[in-house]
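Colleague: Before I use this complex, could you take me through the terms you apply to it and show how each value meets its definition?

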Amino acid sequence: MSAPVLILLGPPGAGKGTQARMLEEEFGLVQLSTGDMLRAAVAAGTDAGRAAKAVMEAGALVSDEIVLAILKDRMAQPDVARGIILDGFPRTDGQAAALDALLAGAGQKVTAAVSLEVDDEAMVGRVSGRYTCAGCGEGYHDEFKRPASAGHCDKCGSTAFKRRADDNAETVRERLKAYHAQTAPLIAYYDTKGVLERIDAMGPIAAVRDALAGIVGRVAA
Ligand code: AP5
């Protein structure tokens, strides 16, 4: 069996990043987050990053051209041979078609696309309360996922944390609109291909993780 290609679909705050990092640790798959790649490009001041910055801060989608260029570079790295979890990609019809073509070129296809199903209004609270460790990137939440020892990252012990520029209630609502207009139609696209799985992602992080691990264990075995 070729290496698994898993897609996590869901609106901002659905838990894509949280769950992808846990699956990476448990199953040895590689998390590919286009949001993280774009934020790295913005921080590095590359041409792609300069073009993406204002678009991201407005809560809209960055152009397929920029996103695909960044993703293709990353997928050319040898570690993706272990299998991948795509977090935040694809987000448009064009990106889904480009992914299919890229995988077909390597004799692969999407193993499963998991839709994390949530209520929009709850996502505003989830995203507005999110922060990450500045040292290792571990994600936290003001209410739902606090460090075990206040002010110290559970993973690396760092005392520095940061919040994303686009994690305010107004921008989250724009991101939710973009999700429903451009990304949610991909749920039907993957259903038609017979690879769609749905998970209720409103429960606690551990319950969502158990449901996802069950799917990954089944399709990636
Ligand atoms: P991106 O970085 O992909 O952000 P997003 O899709 O908006 O998703 P988030 O990171 O906000 O949410 P998540 O689902 O990962 O939730 P998380 O696990 O952190 O994209 C940002 C921007 O980049 C886009 O707006 C766009 O401009 C651009 N972009 C990126 N990819 C692109 C693409 N392919 N094409 C075009 N543009 C692109 O969880 C959120 C919080 O909730 C955390 O604090 C967490 O601890 C908590 N939490 C998680 N699960 C639960 C739970 N079950 N219960 C309670 N709390 C929970």
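Modeller: Helices (H or I, at least four residues) and strands (E, at least two) are DSSP runs, numbered from the N terminus. The model is predicted, so local features need pLDDT of at least 70 and side-chain atom pairs pLDDT 80 or more, while totals for chains, interfaces and linings use all residues. Residues are numbered from 1 along each chain as its sequence is written, and side-chain values use heavy atoms, with hydrogens and water left out.

Colleague: Which elements each supply at least two residues of the shell around the ligand?

Modeller: They are α1 (16–27), α2 (34–44) and β6 (139–141), and α2 gives the most, with four residues.

Colleague: What makes a residue count as near the ligand?

Modeller: One of its heavy atoms must lie within 4 Å of the ligand. The ligand is surrounded by 33 residues, the closest being Thr18, Ala60, Arg91, Arg130 and Arg175.

Colleague: Why is the pair between Arg91 and the ligand called a polar contact?

Modeller: A polar contact with the ligand is a pair of N or O atoms within 3.5 Å. An N or O atom in the side chain of Arg91 is 2.5 Å from an oxygen atom of the ligand, so this pair qualifies. A backbone N or O atom of Gly15 lies 3.0 Å from a ligand oxygen atom, and one of Val62 lies 3.1 Å from a ligand nitrogen atom. Taken alone the ligand exposes 1000 Å², of which the protein buries 96%, the areas coming from the Shrake-Rupley method with a 1.4 Å probe.

Definitions and conventions:
A polar contact is a pair of N or O atoms within 3.5 Å; within protein, one must be able to donate a hydrogen and the other to accept it, and residues adjacent in sequence count only if both atoms are side-chain atoms.
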